[in-house]
Amino acid sequence: MVKYDIVIKTRYDFFVGNKIKWESYDLTKLYLHNNCNCWYDLYDDLSFNDMFAFSSPENMNIYCDTFDNLDKIYKENFTRFSCESLLAFHLISNNIDVIPL
């Protein structure tokens, strides 16, 4: 079984222009690109951008498990439907310490 120190999730349309010094980050936290300028975010301050994120494998498993937990999220009376808001709610509900980049 392969084990990783860090897991990076990015969308195919995202470009990282600077070298990242991975060793300078505390991987008990989840780091993400947080530049949400979406029309629905004007009315909702609970949103995390889904373009780029990295953390420990344990945190990233929770991050990547958002879709599989949609039923649970809605049962907890979360009714705002945007992918950024669902992601934020899921991470906060799972006590993930999120640091915007």
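**View 1. Contacts of N59 with residues distant in sequence.** In this predicted model, N59 is in contact with L27, T28, K29, L30 and I96, when neighbours within four places in sequence are left aside. N59 itself is found in helix 1, which covers residues 57–64.

**View 2. Burial of N59 and its polar contact with S55.** The relative accessible area of N59 is 10%, and because the cut-off for a buried residue is under 20%, N59 counts as buried. The side chain of N59 makes a polar contact with the side chain of S55, at 2.9 Å.

**View 3. The open, four-stranded sheet.** The four strands are arranged in the order 1-3-2-4 with mixed pairing, and the sheet that they form is open. Strand 1 (7–10) and strand 4 (98–100) stand at the edges, and because each has a single partner strand, one side of each is left without a neighbour in the sheet. On average, and with direction ignored, neighbouring strands of this sheet are turned by 20° against each other.

**View 4. Pairing of strand 2 with strand 4.** Strand 2, formed by residues 30–32, pairs with strand 4 in the parallel sense, over three bridges. Within strand 4, V98 is the residue that stands opposite L30, and L30 is also among the residues in contact with N59.

**View 5. Helix 1 against the sheet.** Helix 1, in which N59 is found, packs on the sheet and touches strand 1, strand 2 and strand 3 (52–55), while the direction of helix 1 makes about 140° with that of strand 3.

Technical notes. Residues are numbered from 1 along each chain as its sequence is written. This is a predicted model: local features need pLDDT of at least 70, side-chain atom pairs count only at pLDDT 80 or more; totals for chains, interfaces and linings use all residues. Side-chain values use heavy atoms; hydrogens and water are left out. Helices (H or I, at least four residues) and strands (E, at least two) are DSSP runs, numbered from the N terminus. Buried means under 20% relative accessible area, exposed over 50%, partly exposed in between (1.4 Å probe, protein chains only). A polar contact is a pair of N or O atoms within 3.5 Å; within protein, one must be able to donate a hydrogen and the other to accept it, and residues adjacent in sequence count only if both atoms are side-chain atoms. Contact means heavy atoms within 4.5 Å. Two strands pair if DSSP finds at least two bridges between them. Axes are lines fitted to C-alpha atoms, for helices over the stretch in contact, and angles run from 0 to 180 degrees between N-to-C directions.
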